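Student: Before we begin, could we go through this model term by term, setting each value against its definition?

Tutor: Gladly; here are the sequence and the structure.

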Amino acid sequence: MDSGALDLSTFPELPGRGVLITDGDELHASDLGNLVDRRPAAILRPRSTADIAVAAAWCCRNDVPLRAHGTLHTTGGQALCPSGGIQVDMRSLDLIHAVTDDHADVEAGVLLRDVVWHAWLRGRRLTSGPTGYLQLSTGGVLSVGGISSLHREGAIIDRVRAVEVVTPTGAVRWCTPERNGELFNAVLGGLGCAGIITRARLALTPVPPLTRVYDLHFPSLQEAVRAARVLVRRDEVDDLLIRWFAPQRHRYQLRFTTYYRADRKPDDAHLLRGLDATAQVWDVSYWEFVTSTDTRYEPFVTAGWNRVHKVWADYFMPDSALDEFLAGTAPEITDLDLSETSIGLLFPHRRSSFTRPGLRLPDDELVWLFDMLSDAAGQTDPFWLPDRLRRNQRWRRRAAELGGTLYPIGTDLDPASHDLVLAHPAQMSFPQEDQCLR
């Protein structure tokens, strides 16, 4: 459908006084990857769930594509509407309804940073832990899954109490594991395929005010992984991840933390026992720790980082195949993969902590999320983009052959055409609405 061919003359009045934008430069839509560009016929900025519901019902009757997005923090066009459809910009649904001792009740456009801040003011944190970067919409995070560095908590979607959903036909349903449970499972990690999340209740838990951070450096990724396995097995620390970045891409940082109160300081010698590396240790508040990535990237975003090309590779790998995957993949990471703003990450997680079917995971007791978040900042190589896209295709095949699965925030495009190859890797069979809403 041509974007100019959509007849909006019968589009209904929006009960919440939302705005439907039908012209201007705003109709050119891309996500953080800046590789997929689609022009919807209109952009809806809702002011209420009812605005989305009437729009969804109209789109259903008229066979018009409808897609929702938050801060567009994907790199393969996952949240973009097909040309000629209606794109819903969820950022205008930004009301925090309540933050209590055990949950936060927020609209889908509320930034995760704001949820974390208001929880912190009550001495609470997200039970799941937050993502490393917090400038993400709550609904967007729940649509892809949301992974933190807390190795024992699963994904953010595993600690959701309830969600309000607009179905593809315009019905509004509150969903919990017990009520409308099929729809609940379908939208969490469902990339918007089964409905639009408009509001969510996220579980909170107490958090001590201080965080002790331990950084250990290893000369190889495999050595860092071995040390991380020891820490997971002991189960004595909170956050745990491995990072590598420019300019020392052959120096692998294992970072772990423990949360504590001033009257009960961590025993450093006990936590570091048997780890063959010197540790840098310091203390910060919990708030400073969880916002550290935001603080690092804020000047880059101001300088235009959001507009550069990004090619992200994101795979869940079974622990039993991780060493083989890294043996083939780590030597292929070059200086071209790591700009000043790029980073590589490995997160270990206990498989039993993941309970929602929206994320397709390997079956090992321990699974790892491998992220290579490359961007073209400062790049002058004309082959940077096609080479990175071919890299992703090669790594994806390798991951799949070893039992890995895709985490759906990355770039999976054909190097020649930039067409989206895979929009929803979970391959879920979603229930029909009349089945899941009974």
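Student: What joins strand 7 to strand 8, and through how many residues?

Tutor: A hairpin joins strand 7 to strand 8, through three residues. The model is a predicted one, in which local features need pLDDT of at least 70 and side-chain atom pairs count only at pLDDT 80 or more, while totals for chains, interfaces and linings use all residues. Residues are numbered from 1 along each chain as its sequence is written, and side-chain values use heavy atoms, with hydrogens and water left out.

Student: What makes strand 7 and strand 8 a pair?

Tutor: Two strands pair if DSSP finds at least two bridges between them, and strand 7 (residues 96–99) is joined to strand 8 (residues 103–107) by three bridges, so the two count as paired. They run antiparallel, with V99 standing opposite A104 of strand 8. The strands themselves are DSSP runs (E, at least two residues), as helices are (H or I, at least four), and both are numbered from the N terminus.

Student: How do you know which are the edge strands of the sheet of eight strands?

Tutor: The eight strands form an open sheet in the order 16-13-15-14-18-19-17-20, with antiparallel pairing. Strand 16 (279–285) and strand 20 (405–406) are the edge strands, each pairing on one side only. Helix 5 (residues 221–234) packs on this sheet and touches strand 13 (210–218), strand 14 (240–244), strand 15 (252–260), strand 18 (343–350) and strand 19. The direction of helix 5 makes about 170° with that of strand 14, where axes are lines fitted to C-alpha atoms, for helices over the stretch in contact, and angles run from 0 to 180 degrees between N-to-C directions.

Student: Why is F370 called buried?

Tutor: Buried means under 20% relative accessible area, exposed over 50%, and partly exposed in between (1.4 Å probe, protein chains only); F370 has 1%, and therefore counts as buried. F370 is in strand 19, where it is the bridge partner of Y315, and nine bridges join strand 17 (residues 310–318) to strand 19 (residues 366–375) in an antiparallel arrangement. Leaving aside neighbours within four places in sequence, F370 is in contact (heavy atoms within 4.5 Å) with residues including W244, A313, Y315, F325 and W395.

Student: What makes N34 partly exposed, and how does N180 compare with the cut-off for buried?

Tutor: N34 has 23% relative accessibility, which falls in the partly exposed range, whereas N180, with a relative accessible area of 11%, is buried. N34 lies in the loop between strand 2 (29–30) and strand 3 (37–38), and N180 in the loop between strand 11 (172–175) and helix 4 (181–187). Phi of N34 is near 55°, and N180 has a positive phi of about 55° although it is not a glycine. Most residues other than glycine have a negative phi, and most peptide bonds are trans. The peptide bond from A246 to P247 is cis, with omega near 5°, and P247 is in the loop between strand 14 and strand 15.

Student: How do you know that the largest nonpolar core lies between domain 2 and domain 3?

Tutor: Domain 2 (96–206) and domain 3 (210–406) both give residues to this core, so it lies between them; the domain bounds come from an automatic or database domain assignment. A nonpolar core is a set of buried Ala, Val, Leu, Ile, Met, Phe, Trp, Tyr and Cys residues joined through side-chain atoms within 4.5 Å, and the largest has 61 residues, L142 and L188 being among those with the most contacts inside it. Helix 2 (residues 112–121) gives the most to this core, with five residues. Apart from it lies another core, of 38 residues, among them A227, A313, F325 and L326.

Student: Why is residues 417–438 a stretch to treat with care?

Tutor: The pLDDT, which is the predictor's confidence in each residue, from 0 to 100, stays under 50 over residues 417–438. Where pLDDT is low, the predicted coordinates should not be read in detail. The chain averages a pLDDT of 92, and 93% of the residues score at least 70.
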